[in-house]
Amino acid sequence: MDKIQIRTHSRSEFIDITVEIDKIIRKSGMKEGVCYVYVPHTTAAVTINENADPSVQKDILNELNTIVPWDGRYTHMEGNSAAHIKSTLVGSSAFIPITGGRLALGTWQGIYFCEFDGPKNREIYVQTVKSV
Ligand code: ZN
């Protein structure tokens, strides 16, 4: 399993990790299989969405912040329930098919690490599974 270390810089942000994941796939030499991307954090997530227009990521973050406000009526003593809720809504893993030695992403798709309680040092686990 490979690990990517990143440092986030805001409370909430999307960080494009497509290039880093693609490097791992190329290094592995795998031609056909599945790439499993996992975020081992309770206040962060991973998602796949448009990487052409950055306003898409901005809109997603803004809407998540509207749906789950930071200062809502929560009981969790740490004070970061909004980040936990967003992590669960977006999800902690993503699967991407690998074919011809490349990530089979759509033309407009990118893989994003989603920070909801930064800034923090974070890790992303990347596991490749070969097709039989
Ligand atoms: Zn917490």
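The exercises below, each with a worked solution, concern a predicted model of a single protein chain.

**Exercise 1. Describe the fold along the sequence and the overall dimensions of the chain.**

Begin with the secondary structure: the chain holds three helices and eight strands, and, read along the sequence, these follow the pattern β-β-α-β-β-α-α-β-β-β-β. Next, consider the extent in space, where the C-alpha atoms fill a box of roughly 50 × 30 × 25 Å along the principal axes. The radius of gyration can then be set against the globule rule: for 132 residues a compact globule would have a value near 14 Å, and the 15 Å of the chain agrees with this. Turning to the contacts, one finds that, among those between residues at least 6 apart in sequence, 81% join residues at least 24 apart. Finally, for the surface, buried residues make up 41% of the 132 residues, while the chain exposes about 7,500 Å², of which carbon and sulfur atoms supply 52%.

**Exercise 2. Determine which residues of helix α1 are buried, and how they are arranged around the helix axis.**

Helix α1 spans residues 18-28, and its buried residues are Thr 18, Ile 21, Asp 22, Ile 24 and Ile 25. Because these residues cover an arc of only 155° around the axis, they lie on the same side of α1. The face turned away from that buried side carries the exposed residues Val 19, Lys 23 and Lys 27. As a last step, look just beyond the helix, where α1 is followed by Gly 29, a residue with a positive phi near 75°.

**Exercise 3. Classify the ring pair formed by Phe 14 and Tyr 112, and place it in the chain.**

A pair of aromatic rings is described by the distance of the centres and the angle of the planes. A search of the whole structure finds four aromatic pairs. For Phe 14 and Tyr 112, the ring centres are 5.9 Å apart and the planes stand at 40°, so this pair is tilted. The pair links distant parts of the chain, since Phe 14 belongs to strand β2 (residues 13-16) and Tyr 112 to strand β7 (residues 109-115), 98 residues apart. The accessibility of each partner completes the description: Phe 14 is buried, with a relative accessible area of 12%, and Tyr 112 also counts as buried, at 3%. Elsewhere, Tyr 36, Tyr 38, Phe 95 and Tyr 125 form one aromatic cluster, and Arg 11 lies over the face of Trp 70, at 3.7 Å from the ring centre.

**Exercise 4. Work out which residues of helix α3 are buried and what they pack against, then examine Ile 85 and Val 90.**

Helix α3 comprises residues 81-90, and Ser 81, Ala 82, Ala 83, Lys 86 and Ser 87 are buried in α3. The buried residues of α3 pack against β4 (44-50) and α2 (54-67).

Ile 85 lies in the helix too, but with a relative accessible area of 34% this residue is partly exposed. Not counting residues up to four places away in sequence, Ile 85 touches Val 68 and Tyr 74. The C-alpha atoms of Ile 85 and Ile 60, which are 25 residues apart along the chain, are separated by 15 Å.

Val 90 is likewise partly exposed, with a relative accessible area of 25%. Under the exclusion of residues up to four places away, Val 90 touches Ala 45, Val 46, Thr 47, Leu 64, Cys 114 and Phe 116. Between Val 90 and Phe 14, 76 residues apart along the chain, the C-alpha separation is 12 Å. After the helix comes Gly 91, whose phi is positive, near 105°.

**Exercise 5. Characterise the peptide bond between Gly 118 and Pro 119, and then the setting of Ala 52.**

As background, most peptide bonds are trans. The bond joining Gly 118 and Pro 119 is cis, with omega about -5°, and Pro 119 is found in the loop between β7 and β8 (121-130).

Ala 52 also has a place in a loop, the one between β4 and α2. Its relative accessible area of 43% falls between the 20% and 50% cut-offs, so Ala 52 is partly exposed. For the spatial relation to helix α1, take Ile 24, one of its buried residues: Ala 52 and Ile 24 are 28 residues apart in sequence and 22 Å apart in space, C-alpha to C-alpha.

Key
Residues numbered from 1 in each chain as written. Predicted model: local features only at pLDDT ≥ 70, side-chain atom pairs only at ≥ 80, totals over all residues. Heavy atoms only, no water. Buried < 20%, exposed > 50% of the residue type's maximum accessible area, 1.4 Å probe, protein only. Helix = DSSP H or I, 4+ residues; strand = E, 2+ residues; numbered from the N terminus. Arc of directions from axis to C-beta. Phe/Tyr/Trp six-rings, centres within 6.5 Å; stacked < 30°, edge-to-face > 60°. Lys NZ or Arg CZ within 6 Å of the ring centre and 35° of its normal. Rg over C-alpha atoms; globule rule 2.2 N^0.38 Å. Contact = heavy atoms within 4.5 Å. Areas by Shrake-Rupley, 256 points an atom, 1.4 Å probe, with all protein chains shown as cover.
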